[in-house]
Amino acid sequence: MTTSTPPIKLSCIIDDDEVYIRLIKKIIDIKKLSENLLIFNNGKEALDYFTAIIQNVSKNAFPEIILLDLNMPVMDGWDFLKKFTQIKPPNNGFKTTLYIVSSSIDPYEIERAKSFNYVKDYLVKPVSMDEFEAIFKSKTA
Amino acid sequence: MEESNKNPFDYFYYQEVADLTAAGGWSVNFDMKTSYLDPQARKILNVPENFQPSLRTALDFYPVIEKVRVTEFFEGCANGIPFNATLKMLTFDNKEFWVRAVGKPLYDDGTIVGAQGVFQDIDFEKLKELSLEKSLKVIESQNSRLLNFAHIVSHNLRSHSSNLQLTIELLNAVNSKNEEEELKESLVHISNSLNDTISHLNEIVSVQSKAHDQKKELLFEDVLYNIKNSINRLIIDTDTKIISDFSELPGMTYIHAYMESIFLNLISNAIKYKHPERAALIHIYSYLENGESYLMFQDNGIGIDLDTYGSKVFNMYQTFHQNEDAVGIGLFITKNQVEALQGTISIESVVNQGTIIKIKF
């Protein structure tokens with residue numbers, strides 16, 4: 001069932017919670033969900049990266065999955081979403097799936113997140129190991 | 001009066017209704033130059049027994065702010081337009097009170113010769129209404145802070161519990177001793193953060209409960225002295241300079257613990273977010289403006305981009321700089337303390353130049 005080669009080449013986590021990041025890294029590692037992992041501690045770091053690589057149009061440098069937190073310092077998830085929507089190139093080979101992963105259960109925030117085209121789903125923490133696995137596998141299914 | 005004498009019942013009912021509702025009648029005749037106040041109106045306005053109402057003195061029964069409006073009402077009646085309004089009146093001995101008043105043109109043979117009407121003393125009810133409105137505003141603001149608080153509690157506890165759950169799941173999944181050790185370390189982290197969160201929540205709850213503490217006379221100079229003492233080391237190590245002038249307003253009545261906390265939070269914020277290229281210079285002034293008391297903290301720190309973060313600076317757990325010790329609770333607590341005692345707090349800032357925080361008590 002589980003293949004030895006990870007289904008995903010590159011995935012990306014944007015989150016300021018270091019403990020959470022460490023745990024996700026571990027899960028991805030144990031379950032072999034992604035070959036490489038990009039980690040940004042806030043929206044700005046992530047946006048700077050994406051802005052830079054979009055000029056290079058290197059397909060390999062673009063993650064297939066982005067897990068985005070909402071509440072972060074410097075630039076929060078909302079701001080990132082707004083700006084990311086502006087810089088993201090049209091769908092020519094870039095197939096990125098973006099999930100919001102947040103601790104907020106505010107229905108207003110959930111509604112708002114789903115109003116963004118790029119947001120595939122809103123996941124409320126805690127997300128279990130199985131759920132993470134399902135997200136990564138669904139990408140290749 | 002002559003009319004009512006003919007029918008004693010009419011007069012009886014009229015008088016009882018007037019008494020019961022505290023409503024007085026009046027009439028003026030522009031042609032005959034006569035004015036009339038009925039007994040209840042005389043009682044409400046507290047006029048002396050020999051007082052003769054007249055057009056000349058009619059406006060004396062209204063405070064300055066109402067005079068224009070009342071003049072318009074009378075002119076309206078003269079042109080056939082009745083009025084119905086809630087306004088302030090003055091008694092003969094100059095006490096302000098709220099009335100509900102109606103007035104209509106007075107006709108004689110089809111032509112308007114004057115105006116007549118009734119006013120009802122609603123001072124008690126109106127004041128109650130105004131005080132209710134004020135309470136409502138206070139409750140609304142408390143309610144929104146409470147809701148915000150509930151979301152924060154839910155959000156923060158959830159992130160810890162979620163990390164805890166993931167760690168446990170992982171502990172069950174890993175095989176090596178090394179990995180287990182790593183995960184145990186995570187448990188320590190989570191436990192520490194959970195403790196921090198709870199102590200922040202305690203701090204906020206205590207803001208609310210301390211709002212009922214006794215207010216005392218305090219001097220800003222003393223408060224500043226205490227705070228400087230308590231963070232003396234930090235001030236020396238960072239080469240921070242504090243310049244203060246409280247001569248315009250040396251002190252005030254306030255909850256002592258709040259004032260100390262306000263000073264401590266704002267001074268340590270100014271030091272925490274000082275500009276890397278210069279030592280922190282903090283100005284603290286107290287002053288009076290339009291009869292209101294103000295306290296102002298000005299620093300020369302890195303400032304904050306209010307166009308981007310403006311609406312959020314006073315929210316809980318909002319951090320904008322990548323400082324490691326940024327917790328995002330100081331300004332939230334300060335705002336809560338100020339608002340718990342019906343004050344307001346505002347911020348002005350220029351990036352790389354500094355920040356001014358003003359508190360109106």
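The following dialogue examines strand pairing, one open sheet and the contact between two chains in a predicted model.

User: How are residues and chains labelled, and what kind of model is this?

Analyst: Residues are numbered from 1 along each chain as its sequence is written, while chains are lettered from A and ligands numbered from 1 in the order in which they are written. The model is predicted, and local features need pLDDT of at least 70, side-chain atom pairs count only at pLDDT 80 or more, and totals for chains, interfaces and linings use all residues.

User: Why are β3 and β4 of chain B called paired strands?

Analyst: Strands are DSSP runs of E with at least two residues, and helices are runs of H or I with at least four, numbered from the N terminus. Two strands pair if DSSP finds at least two bridges between them. Strand β3(B), residues 83-90, and strand β4(B), residues 96-108, share eight bridges in the antiparallel sense, so they satisfy the definition of pairing. Within this pair, B:L87 has B:V99 as its bridge partner.

User: What makes up the turn between β3(B) and β4(B)?

Analyst: Five residues lie between the two strands of this hairpin, and B:N94 in the turn has a positive phi of about 70°.

User: How do you know that β4(B) also pairs with β5(B)?

Analyst: Ten bridges join β4(B) to β5(B), residues 111-121, and the strands run antiparallel; the requirement is at least two bridges, and therefore they pair. B:A101 stands opposite B:F119. Their hairpin has two residues between the strands, and B:D109 takes a positive phi near 60°.

User: Why are β7 and β11 of chain B called edge strands?

Analyst: The open sheet has five strands in the order β7-β9-β10-β12-β11, with mixed pairing. Strands β7 (241-245) and β11 (344-350) each pair on one side only. On average, neighbouring strands are turned by 15° against each other, direction ignored; axes are lines fitted to C-alpha atoms, for helices over the stretch in contact, and angles run from 0 to 180 degrees between N-to-C directions.

User: What makes residues of chains A and B count as being in contact?

Analyst: Two residues are in contact if their C-beta atoms, placed from the backbone, lie within 7 Å. Under this criterion, 22 residues of chain B are in contact with 19 residues of chain A. The elements giving two or more residues to this side of chain B are α6 (123-173) and α7 (177-210), and α6(B) supplies the largest share, 14 residues.
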